[in-house]
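Let's take a walk through this protein together, starting with its overall layout and ending at one of its strands. Keep the 3D view open as you read.

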Amino acid sequence: MGKTYLITGATSDVGLELLKNIAADGDKFLLQGYSDFEPIKSFCAENGIDAEYFDVNLSDSEATDKFVAELSAYSPTHFVHLPALRVINTKFKSFDEERFMLDMNVQVMSAVKICKAVLPKMSKAKFGRVLFMATSYVLANPPKNTAAYIMAKNAVVGLAKSLAADYAPNGVTVNCISPSMIETKFLAETSHLIVEQAAAAHPMKRNATVKDVVPAMAFLLSDEAAYITGVNLPITGGSIIE
């Protein structure tokens, strides 16, 4: 029987690479993004992938509620939550409360609402995989001027741990990955100097790529990872060793 993957933030570089890695005959994909669907639509069309697309602004609570209502028609076996607003490095005295609440909607509240919709179905089926995108910044001393991003990501990790404890008896695993800086379009609003400094300071003298990160994600979503839950997996190339 085919699997049904719900991927939020699917139009990101990580989302597209994950799709390329895990797509198999008989699987269905429910792909949420916010504009920029052309690359992922082209890949699905070229490879005969059964996909439906949801253009949803997750920072908008009403739009998220409508999206969650649409999901009632489906029973995802896998849920991958990737979206976040881009990091803006700014001193705490200039903390933007309004933008922070938008990012909390994107990263945390949308995850809560979607999990409320899909986890009971996974629980009833005695099978499910849930995976959240966190960050290596929650594993050790974070960089300066990233309070909003760190707060939201810690909330994501807290949600994952709680859900892992709640749903382990029902065959549903809930995990996070915490990669170090990945060079993707997500860094569009991050200074090139910061990106270059991160690479220079890294033990491998480079930042991560999507190909470094996605294989670990695919494993945590696999049948073989049935006994792994509540984990926040570092993918850091040695920049953080726990």
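Start at the N terminus and follow the chain: the elements come in the order β-α-β-α-β-α-β-α-β-α-β-α-α-β. That adds up to seven helices and seven strands. With a radius of gyration of 17 Å, close to the 18 Å that the globule rule gives for 242 residues, the protein is as compact as a globular protein of that length. Bear in mind that you're looking at a predicted model.

Now step back and look at the whole thing. Along the principal axes, the C-alpha atoms fill a box of roughly 45 × 40 × 35 Å. Among contacts with a separation of 6 or more, 71% link residues that are 24 or more positions apart.

What about inside and outside? Of the 242 residues, 49% count as buried. The accessible surface comes to about 11,900 Å², and carbon and sulfur atoms own 55% of that. As for charges, there are 22 positive and 26 negative ones, and their mean positions lie 5 Å apart.

Let's zoom in on strand 2, residues 28-33. How many of its six residues are buried? Six of the six are, so the strand is largely enclosed by the rest of the structure. You can check this face by face: Lys28, Leu30 and Gln32 are buried on one side, and Phe29, Leu31 and Gly33 are buried on the other.

Strand 2 has a partner, too. Strand 1, residues 4-8, runs parallel to strand 2, and five bridges join the two. To find a spot where they line up, look for Leu6, which stands opposite Leu30 in strand 2. That Leu30 is one of the buried residues you just met.

Technical notes:
Residues numbered from 1 in each chain as written. Predicted model: local features only at pLDDT ≥ 70, side-chain atom pairs only at ≥ 80, totals over all residues. Heavy atoms only, no water. Helix = DSSP H or I, 4+ residues; strand = E, 2+ residues; numbered from the N terminus. Rg over C-alpha atoms; globule rule 2.2 N^0.38 Å. Buried < 20%, exposed > 50% of the residue type's maximum accessible area, 1.4 Å probe, protein only. Contact = heavy atoms within 4.5 Å. Areas by Shrake-Rupley, 256 points an atom, 1.4 Å probe, with all protein chains shown as cover. Lys, Arg positive; Asp, Glu negative; His and termini not counted. Charge placed at Lys NZ, Arg CZ, Asp CG, Glu CD. Pairing = 2+ DSSP bridges.
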